[in-house]
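Me: I would like a close look at one part of this protein. Please keep the sentences short and take me through the part step by step.

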Amino acid sequence: MISVFDLFKIGVGPSSSHTVGPMIAANLFVQSLLKQTNLSDIHSLEIELYGSLAATGKGHATDTAILLGLLGHAPSTIDTGLTSQYLAPIFSDNQLNIAGKHVIAFDTGRDIHWYDETVLPYHPNAMTIRVSLADGNHYQQTYYSVGGGFVINEEDATNPDEDNATPTIDVIPYPFNSAAELLEQCREHHLSVSELILANECHYREQAEVFEYLDSIWESMQDCVTRGCQNSGILPGGLDVKRRAQALYLQLCAEKDQPIAQNDKLVAMDWIDLYALAVNEENANGGNVVTAPTNGAAGIIPAVMHYYRDFLSNYSIDGARKFLLNATAIGSLIKQNASISGAEVGCQGEVGSACAMAASALAEILGGDPAKCLNAAEIGIEHNLGLTCDPVGGLVQVPCIERNAMGAVKAVNAARLACRGNGQHFVSLDKVIETMKVTGADMLDKYKETSRGGLAVYADNRIPTATHGVSVKYSQC
């Protein structure tokens, strides 16, 4: 089971796979270095980026994220307001202070290599960090950022069962590997989806710890929306995209007491749009967001949860916990049986997954039984099948920000549609997840986070392709 502690993580924008994952990988490399050698023996360091990490890494701030990780910063704790200060010695003085303990000469133009035409076997998001030692030897590690901030090294990717030993199986109370098994467990034990996931989580942790984490995730989501509604200006990267959430928030607040707004039965859609825009503008600006399940789709679940908080009469903190627990079940199924990585299956794996997670969770909040929740998730994915990942300029801005607003509204509609039914659907959730995986495999690479197809090519671009542009260095965060 993929835990709620794994699926929802407090991180930094603009991308979970291209920013959060590489920063984590750099942290892992430093930890490995500390075990393998004395930092004082390091003479030089090189970074190699492959595939999608190279193709859109400049727009996603992949290089600066790795550098921040090498400095010792982590996505969950970094103060994004000080990133320019952290990076200044590297860009101004060509000095890299590894883990804050050993300074070496480092030139970003010379020591970072971009191999966008080379895709390593395991995953499109690959990176290698190599150090040269004083005795002439080298030490290196290759990492894969597989989406949602999840990172594995080359050894784990190529030899997952290296020792061939019989594993010790720690059986959770209600195991499931498919939606059909999840539904069977819920029915057999008379549990809701959120109750089942909570029981599994409590197999490893005390309930109080689980609730504390869920509450912190929800609080971070709300803080992110608040910041997004307060901040204005131009997003970094060169597209000159203007932030819209603040103006929309002020407009909606001004219209609240006007008759036209009071009589508008669809005004909730405007607020859902606002919540999603606020989160994804914060993400695009390199701010702190919750990976849910990725940064590129980080606005959907918070937007639907805010809709629950502000427009449904049954809101409670316990309901918010149930929402996140239910969403965890769907996200776990998708990650295990398909992918949540835009570089692997396109945006159907990011926005599609988040839409399905939010739809299922809201269906439970609306009183839907487990069958209706799975139906809602199926609708959410089904109507995002084939969605390409084609960010203009390699930046998580166009069409990513608006795509989250559309995905959030679609999730609400999917939940309401499912709850009006009987839980039965012609295409099962398992089949639509499998379809998403196959569709992603059939999709041309240019539509999978490389900025070589779709809107990234045919939109009215105002900056060069990301591989030739200037890396976002968080300078405007």
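What volume does the largest pocket have? Please start there, then work outwards to the parts around the pocket.

Reply: One caution before we begin: this is a predicted model.

The largest pocket has a volume of about 380 Å³. Its lining is made of 22 residues. Closest to the centre are Pro 124, Ala 343, Glu 344, Asp 445 and Lys 448.

Sort the lining by class. Eight of the residues are nonpolar, six are polar and eight are charged.

Now look at the helices. Three of them give at least two residues each to the lining: helix H3 (51-55), helix H16 (342-345) and helix H20 (429-442). H20 gives the largest share, with four residues.

Where does the pocket sit? The lining takes residues from both domain 1 (16-158) and domain 2 (179-447), so the largest pocket lies between the two domains.

That makes the domains the next stop. The domain assignment of the chain gives domain 1 as 16-158 and domain 2 as 179-447. Their C-alpha centres are 30 Å apart. In the contact, domain 1 takes part with 17 residues, and domain 2 also with 17 residues.

How big is this interface? The size of an interface is often given as the accessible area lost when the parts come together. Here, domain 1 and domain 2 bury about 1200 Å² between them. Carbon and sulfur atoms carry 56% of that area. On the domain 1 side, three residues stand out: Ser 16, Gly 59 and Thr 80. Together they supply 31% of the area that domain 1 buries against domain 2, more than any other three residues.

Next, the enclosed spaces. Rolling a probe the size of a water molecule over the atoms shows where empty space is left. A search of the whole structure finds three cavities of 30 Å³ or more. The largest cavity has a volume of about 170 Å³. Its lining has 21 residues, and those closest to the centre are Gly 296, Glu 350, Cys 389, Val 396 and Glu 449. Helix H2 (16-36) and H19 are the elements that give two or more residues to this lining.

By class, the lining of the largest cavity has eight nonpolar, nine polar and four charged residues. Both domains take part here as well: domain 1 and domain 2 each give at least three residues to the lining of the largest cavity.

Return now to H3, one of the helices that line the pocket. In the loop between H3 and helix H4 (62-71) you find Ala 61. Its phi is near 60°, a positive value in a residue other than glycine. Most residues other than glycine have a negative phi, and most peptide bonds are trans. Ala 61 has a relative accessibility of 1%, so it counts as buried, the cut-off being under 20%.

Follow the chain into H4. Ten of the ten residues of H4 are buried, so the helix is largely enclosed by the rest of the structure. Among them are Thr 62, Ile 66, Leu 68 and Leu 71. Just after H4 comes Gly 72, with a positive phi of about 115°.

H20 leads to another positive phi. Ser 451 lies in the loop between H20 and helix H21 (455-458). Its phi is about 60°, although Ser 451 is not a glycine. Ser 451 is buried too, with a relative accessible area of 5%.

Two peptide bonds also deserve a look. A cis peptide bond joins Ala 292 and Pro 293, with omega about -5°. Pro 293 belongs to the loop between strand E9 (288-291) and helix H14 (300-311). Another cis peptide bond joins Val 398 and Pro 399, with omega about 5°. Pro 399 sits in the loop between helix H18 (370-382) and helix H19 (400-419). H19 is also one of the elements that line the largest cavity.

Last, one residue of helix H15 (residues 317-337): Ile 317. At 37% relative accessibility, Ile 317 counts as partly exposed. Leaving out residues up to four places away in sequence, Ile 317 touches Asp 215 and Trp 218. Ile 317 and Phe 211 are 106 residues apart in sequence, and 9.8 Å apart in space from C-alpha to C-alpha.

Back to the start: the pocket of about 380 Å³ lies between domain 1 and domain 2.

Definitions and conventions: Residues are numbered from 1 along each chain as its sequence is written. This is a predicted model: local features need pLDDT of at least 70, side-chain atom pairs count only at pLDDT 80 or more; totals for chains, interfaces and linings use all residues. Side-chain values use heavy atoms; hydrogens and water are left out. On a 1 Å grid over the protein atoms alone, a cavity is a set of points where a 1.4 Å probe fits but cannot get out, and a pocket is an open set with protein on both sides within 12 Å along at least five of seven lines; lining residues have an atom within 4 Å of a point. Grid points are joined across faces, edges and corners, and a volume is the space filled by probe spheres set on the points. Ala, Val, Leu, Ile, Met, Phe, Trp, Tyr, Cys and Pro count as nonpolar, Asp, Glu, Lys and Arg as charged, and the others, Gly among them, as polar. Domain bounds come from an automatic or database domain assignment. Buried means under 20% relative accessible area, exposed over 50%, partly exposed in between (1.4 Å probe, protein chains only). Contact means heavy atoms within 4.5 Å. Buried area is the accessible area (1.4 Å probe) that two parts lose on being put together, summed over both.
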